[in-house]
Amino acid sequence: NCSSKMGISGEELKGVFGGNELLEYNQHPDYKGKTVAIIGGGNVAMDCARSARRLGKKVIVVYRRSEKEAPAAKEELEAAKNEGIEFYFLTNPTKIVGKDHVEKIIVEKMTLGEKDASGRQRPVPTGVYQEFEADNFILAIGQKPDLELAQKMMLPSEKGWISFDEINFVEDKVLAAGDIVYGAKTVVAAMVSGKKAAHAILDKIN
């Protein structure tokens, strides 16, 4: 998988990171005495926010929907609040400002409109803006699958995912596991899927 971009001005500045990039490689910058803006309302966003809070000074979480619609586990949200992390719900980043490095972010307040394909109310821009000083901007929003290798191997795919007939199996000699075959779930689900694939390989060898 690869981290999504928001497509807003300033994403190329130093101090902008992808959430999974930080968590997977444990390469957090020096947060001491700085303000870290986390964008997103899922569990990855909470992991990034709580990690940054323990390594630095001030953390704000910006999420474009309401708290009720945040996909993060409720206990994660409460734990983050108890650790002093500030939340700005119904708020969407529109621009990252700085010369070479992030200096501040500009956000737009949102309101909830009609339900979208996900069954949640769609966030609608209000035209009301606010800005926050920030030293780091962490994108912990959704991800999309990287199908480059699958396409090179001419594996069947549709709707952005690898197609398969049985659990993990794509072709006789190819197995796929995790989010790329069934969509976004949990790390535990991906580990279980990978373990099934590994056992299937061992069965073929033996």
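Visitor: Which residues point one way from strand β9 (residues 136-139), and which point the other way?

Guide: A good place to begin, bearing in mind that this is a predicted model. Asn136 and Ile138 point one way from β9, while Phe137 and Leu139 point the other way. All of these residues are buried.

Visitor: Which strands pair with β9, and in what sense?

Guide: To read pairing, look for the bridges that link two strands and for their sense. Strand β2 (residues 16-18) pairs with β9 in the parallel sense over 3 bridges, and Gly18 has Leu139 as its bridge partner there. Strand β3 also pairs with β9 in the parallel sense, over 4 bridges. Within that pairing, Ala37 stands opposite Phe137.

Visitor: Let me stay with β3. Is Thr35 buried or exposed?

Guide: The cut-off for buried is under 20% relative accessible area. Thr35 has a relative accessibility of 15%, so this residue counts as buried. Thr35 lies in β3, which covers residues 35-39. Setting aside residues up to four places away in sequence, Thr35 touches Lys58, Glu133, Ala134, Asp135 and Asn136.

Visitor: And what is Ile138 of β9 in contact with?

Guide: Leaving out neighbours within four places in sequence, the contacts of Ile138 include Phe17, Gly18, Gly19 and Leu22. Tyr31 and Cys48 are also among them, as are Val36, Ala37, Ile38 and Ile39.

Visitor: How should I read a nonpolar core, and which residues have the most contacts inside the largest one here?

Guide: The general idea is that nonpolar side chains tend to be buried together in soluble globular proteins. In this model, the largest nonpolar core has 22 residues, and Ile38, Met46, Phe87 and Ile138 have the most contacts inside it. The elements giving two or more residues to this core are β3, α2, β4 (58-62) and α3 (74-82). Helix α2 gives the most, with 5 residues. There is also a second, separate core of 15 residues, which includes Ile8, Val16, Ile105 and Phe137.

Visitor: Which residues of α2 are buried?

Guide: For any helix, start from this: an α-helix has 3.6 residues a turn, so residues three or four places apart point the same way. In α2 the buried residues are Ala45, Met46, Cys48, Ala49, Arg50 and Ala52.

Visitor: What span should α2 have, and what do its end C-alpha atoms show?

Guide: Counting 1.5 Å a residue, the 13 residues of α2 (residues 43-55) should span 18 Å. The C-alpha atoms at its ends are 18 Å apart, which agrees.

Visitor: Now the sheet with β6, β7 and β8. In what order do the strands come, and which are the edge strands?

Guide: To find the edges of an open sheet, look for strands that pair on one side only. Here 3 strands form an open sheet in the order β6-β7-β8, with antiparallel pairing. The edge strands are β6 (91-97) and β8 (121-133). Ignoring direction, neighbouring strands of this sheet are turned by 20 degrees against each other on average. Strand β7 (residues 104-115) is joined to β8 by 9 bridges, and Lys104 has Glu133 in β8 as its bridge partner.

Visitor: How many helices and strands does the chain have, and how much of it is buried?

Guide: The secondary structure comes to 6 helices and 14 strands. Of the 206 residues, 38% count as buried. The accessible surface is about 12200 Å², with 51% belonging to carbon and sulfur atoms. Lastly, of the contacts between residues at least 6 apart in sequence, 57% join residues at least 24 apart.

Conventions. Residues are numbered from 1 along each chain as its sequence is written. This is a predicted model: local features need pLDDT of at least 70, side-chain atom pairs count only at pLDDT 80 or more; totals for chains, interfaces and linings use all residues. Side-chain values use heavy atoms; hydrogens and water are left out. Buried means under 20% relative accessible area, exposed over 50%, partly exposed in between (1.4 Å probe, protein chains only). Contact means heavy atoms within 4.5 Å. The expected span of a helix is 1.5 Å times one less than its number of residues. A nonpolar core is a set of buried Ala, Val, Leu, Ile, Met, Phe, Trp, Tyr and Cys residues joined through side-chain atoms within 4.5 Å. Two strands pair if DSSP finds at least two bridges between them. Axes are lines fitted to C-alpha atoms, for helices over the stretch in contact, and angles run from 0 to 180 degrees between N-to-C directions. Accessible areas come from the Shrake-Rupley method with a 1.4 Å probe; for residues, only the protein chains shown count as cover.
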